[in-house]
Amino acid sequence: MGESRQRLRRVSDRYQWEKDRALLPEEERRGSGATERDTGLTREDLDFQIQFSTTRATAGLAKRFGVREGTKLLRRTYRTWRRGDAAPLSLVRSWLPYDLVAANPALLSAENEPWPGGTHHQLSTIGVEIDRVVDEVTVRRPSRAERTLFDLTPGTALLVVRKTSIDTTGRVAEVAETVLPGDRAEVVSTIRLHRWPDTRRG
């Protein structure tokens with residue numbers, strides 16, 4: 001097991017940052033992505049393993065998307081490493097409605113990843129704008145395969161972030177699950193509250 005573990009700090013304002021980057025020129029979008037922001041690493045510091053496939057919506061996914069069970073989905077799996085490390089920083093599984101993203105065939109191929117500007121820019125190419133993101137964070141024990149993948153010490157838990165991205169029409173455009181090793185990751189949420197009206201009460 002390595003002596004130095006790269007830490008990952010996932011901050012809630014990452015989604016606005018990602019959305020803003022979708023509007024930048026491609027050269028600027030290529031410079032860095034959310035993983036670089038979460039870790040402080042550069043693109044040259046990272047290695048990616050990306051797999052695309054098609055699948056059918058399980059009952060759970062169908063409920064989250066608001067579609068019929070068995071609906072065709074594009075499944076994307078991302079593993080990201082700090083270059084030279086044995087264990088990945090994260091494991092991300094993402095699902096999108098196949099018929100939605102098929103409007104741009106470039107979105108169906110892992111060969112185009114990592115995509116400059118990420119999912120927000122990908123969806124923008126088919127006229128989809130994300131309005132809000134719901135994160136559900138849970139903690140669970142790792143499976144045997146996950147213990148091996150992340151090189152976890154006994155008793156280390158996993159952080160699981162389940163993300164639902166909802167577009168400006170109220171449609172769920174993406175469901176994703178990010179699995180993070182609990183001994184080297186943290187999730188930070190900042191919620192900006194609206195100000196009270198400037199009125200005096202007697």
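In this predicted model, a convenient place to enter the fold is Arg-140, whose bridge partner in β6 is Leu-158. That pair belongs to a longer ladder, for β5 and β6 are joined in the antiparallel sense over ten bridges. In general, the strands of a sheet pair through backbone hydrogen bonds, and they may do so in a parallel or an antiparallel manner.

Widening the view from this pair, one finds an open sheet of six strands, arranged in the order β2-β3-β4-β7-β6-β5 with antiparallel pairing. At its edges lie β2, which covers residues 46-56, and β5, each of which pairs on one side only. From one strand to the next, the twist averages 15°.

The strands β5 and β6 also take part in the surroundings of helix α1, which spans residues 14-21 and has Arg-14, Tyr-15, Glu-18 and Arg-21 as its buried residues, buried here meaning under 20% relative accessible area. When α1 is viewed down its axis, these buried residues fall within an arc of 125°, and therefore they line one face of the helix. Among the elements that cover them are the strands β1 (8-11), β5 (130-140) and β6 (158-167), together with the helices α2 (26-29), α3 (34-39) and α6 (118-124).

Finally, the annotation can be set beside the coordinates: an unreviewed UniProt entry lists residues 36-186 as "domain: UbiC transcription regulator-associated". In the model, the C-alpha atoms at the two ends of residues 36-186 lie 15 Å apart, and the span is 19% helix and 42% strand.

Key
Residues numbered from 1 in each chain as written. Predicted model: local features only at pLDDT ≥ 70, side-chain atom pairs only at ≥ 80, totals over all residues. Heavy atoms only, no water. Buried < 20%, exposed > 50% of the residue type's maximum accessible area, 1.4 Å probe, protein only. Helix = DSSP H or I, 4+ residues; strand = E, 2+ residues; numbered from the N terminus. Arc of directions from axis to C-beta. Contact = heavy atoms within 4.5 Å. Pairing = 2+ DSSP bridges. Axes fitted to C-alpha atoms, helices over the stretch in contact; angles between N-to-C directions. UniProt positions renumbered as here; feature names shortened; annotations may be inferred.
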